[in-house]
Amino acid sequence: MDEETRYEAVSSRDARFDGEFFFAVETTGIYCRPSCPAVTPKRKNVRFYPTAAAAQGNGFRACRRCRPDAVPGSAEWNVRADVVGRAMRMIGDGVVDREGVPGLAHRLGYSPRQVQRQLNAELGAGPVALARAQRAHTARVLLQTTALPVTEIAFAAGFASVRQFNDTVRQIYARTPSALRAEAGTGLGAAVREARTTGIPLRLAHRGPYAAGDVFDLIAAHTVARVEEVSGEPGGRTYRRTLRLPYGTAIAAVDERSAGNWLDARIHLTDLRDLTTAVQRLRRLFDLDADPYAVDELLAADPQLAPDVAARPGLRSPGAADAEEFAVRALVGHPAAGELVAEYGKALDVPCGGLTHVFPEPGALADADVDPSLRALTAALADGGLRLDAGADRDEAEQALLRLPGIGPTTAALIRMRGLGDPDVDPYETPGAHRWRPWRSYGVRRARRQDGQPRTTAPSHAPVTSRHAKSSTSTE
């Protein structure tokens, strides 16, 4: 898009581009999302930025009406496999907050200076500024949904000091943290009291139509007991699961029904520093940063898929909340995964209904009494020989998977598609799938539904991976 096209999107308040770019108004000092309901500014006063961090770095503060920090992420970062795309996925997962820029650069295989230069060149902001924008959004959520003291929120959001937290909030929102909290009317009111019992309430924004029923159908068909559960009737279901996170554990709940362009969610955390990471992992699981307009436009041009696109717009390609967990599940199959949780999963300190454990981490399985194929996979994950984190190189990860015993092309591609969120994978060698690039993952889902086949296919070569399992057909 050139700047004139972007201005047309702003003039028409086109929500399709929320999160794809931001615009700022020089006369007001405010930056907004394209769909902001305010009066459209004159073209000569508008500046465009690829990220909120770039707008903030140029001295603009967030609009109070459209809350540009709460938009879906750009779908570009899911598609791109280069260093910028991988860096953005890792920043979203909180790597800079936990490991700093040197840690991010090391994971990418570049020097910190190279990473800084490439991000600045394309996004108008470096890794620190991008992470800072994310921290500010996390802080606003905590300020307006919890009764935590401001000092606790500062460190929970990832800031190094209370002073840094105060300065950032003032710069981005033009208010003090206390004023930001008061503006939401939370104080010690009903919203905060509810948050204490139901978790931190969140709205997980998505772009365009969202076929939630299909996503919940897929998840409900393959839940692993003690780790996941789906309750309610179709159209009003709630998905709940445990999460293993860098600083602790969490229980997250996501509702199928939505009154707007978001999914309602709640997260209980043992350590609030994990909030950003937990949110990003839910976003990957539910594929919330996808661009359904671009996907459906391409797939609707295929006569084979056009009827399904018209009948069911916004079909997503779900990812995984934990790529390492998904790799194990794809290898061992659904029944055996439940047995692994029962025997090797870590029990929650406080169980919640049917949720009692987190899925076993690779190190707990690498030396366990399980099939050699599973030991090889988990050992590679535990020692770093195989990386499946948010910024993993997808080609390298797939090749590393194929070198492991018991993992064939279908399983490796399935892990790439769901575990690593690659939107352009066909695990099943579907005839004609090349026509759907770069959205083969979405085309495959539609094609398999039309053919009356399961939404996912079990790799026929999968070995028996639990000494308790009689069969090991993967149902992911």
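1. How many residues are in the hairpin that joins S8 to S9? The hairpin runs through six residues. The model discussed here is a predicted one. In it, strand S8 covers residues 249-255 and strand S9 covers residues 262-269. The two run antiparallel and are joined by five bridges. One of the pairs consists of Ala-253 and its bridge partner in S9, Arg-266.

2. The hairpin belongs to an open sheet of five strands, with the order S5-S9-S8-S7-S6 and antiparallel pairing. Strand S5 (200-205) and strand S6 (228-231) are the edge strands, each pairing on one side only. From one strand to the next, the twist averages 25 degrees.

3. On the S5 side, S9 pairs with S5 over six bridges, again in the antiparallel sense. Arg-203 has Asp-264 as its bridge partner in S9. Asp-264 is listed on the uncovered face of S9, together with Trp-262, Arg-266 and His-268. The covered face of S9 is made up of Leu-263, Ala-265, Ile-267 and Leu-269. In a regular strand, side chains alternate between the two faces of the sheet.

4. Helix H13 (residues 275-285) lies across S5, strand S7 (238-244), S8 and S9. Its direction makes an angle of about 40 degrees with S5. H13 also helps to cover the buried residues of helix H4, which is taken up next.

5. Helix H4 (residues 83-92) is largely enclosed by the rest of the structure, because ten of its ten residues are buried. Among them are the charged side chains Arg-86 and Arg-89, along with Val-83, Val-84, Met-88, Met-90 and Ile-91. Besides H13, the covering elements include helix H3 (76-79), helix H5 (95-108), helix H6 (112-123), helix H7 (127-145) and helix H20 (394-402). Just after H4, Gly-94 takes a positive phi of about 90 degrees.

6. The second largest pocket has a volume of about 440 Å³. It is lined by 21 residues, and those closest to its centre are Met-1, Arg-6, Glu-20, Phe-21 and Glu-76. Helix H1 (3-11), strand S3 (46-49), H3, H6 and H14 each supply at least two residues of the lining. H3 and H6 also appear in the cover of H4. By class, the lining has twelve nonpolar, eight charged and one polar residue.

7. Is Asp-296, in helix H14 (residues 292-300), buried or exposed? Asp-296 counts as buried, because its relative accessibility is 10% and the cut-off for buried is under 20%. Leaving aside residues up to four places away in sequence, Asp-296 touches Val-309, Pro-313, Gly-314 and Arg-446.

8. Asp-426 is found in the loop between helix H21 (409-419) and helix H22 (440-450). With a relative accessible area of 14%, Asp-426 is buried. Its contacts, not counting residues up to four places away in sequence, are Ala-433, Arg-440 and Val-444. Asp-426 and Ser-441 are 15 residues apart in sequence, and their C-alpha atoms are 6.0 Å apart in space.

Technical notes
Residues numbered from 1 in each chain as written. Predicted model: local features only at pLDDT ≥ 70, side-chain atom pairs only at ≥ 80, totals over all residues. Heavy atoms only, no water. Pairing = 2+ DSSP bridges. Helix = DSSP H or I, 4+ residues; strand = E, 2+ residues; numbered from the N terminus. Axes fitted to C-alpha atoms, helices over the stretch in contact; angles between N-to-C directions. Contact = heavy atoms within 4.5 Å. Buried < 20%, exposed > 50% of the residue type's maximum accessible area, 1.4 Å probe, protein only. 1 Å grid on protein atoms, 1.4 Å probe; cavity = no way out; pocket = protein on both sides within 12 Å on 5 of 7 lines; lining within 4 Å. Points joined across faces, edges and corners; volume = space filled by probe spheres on them.
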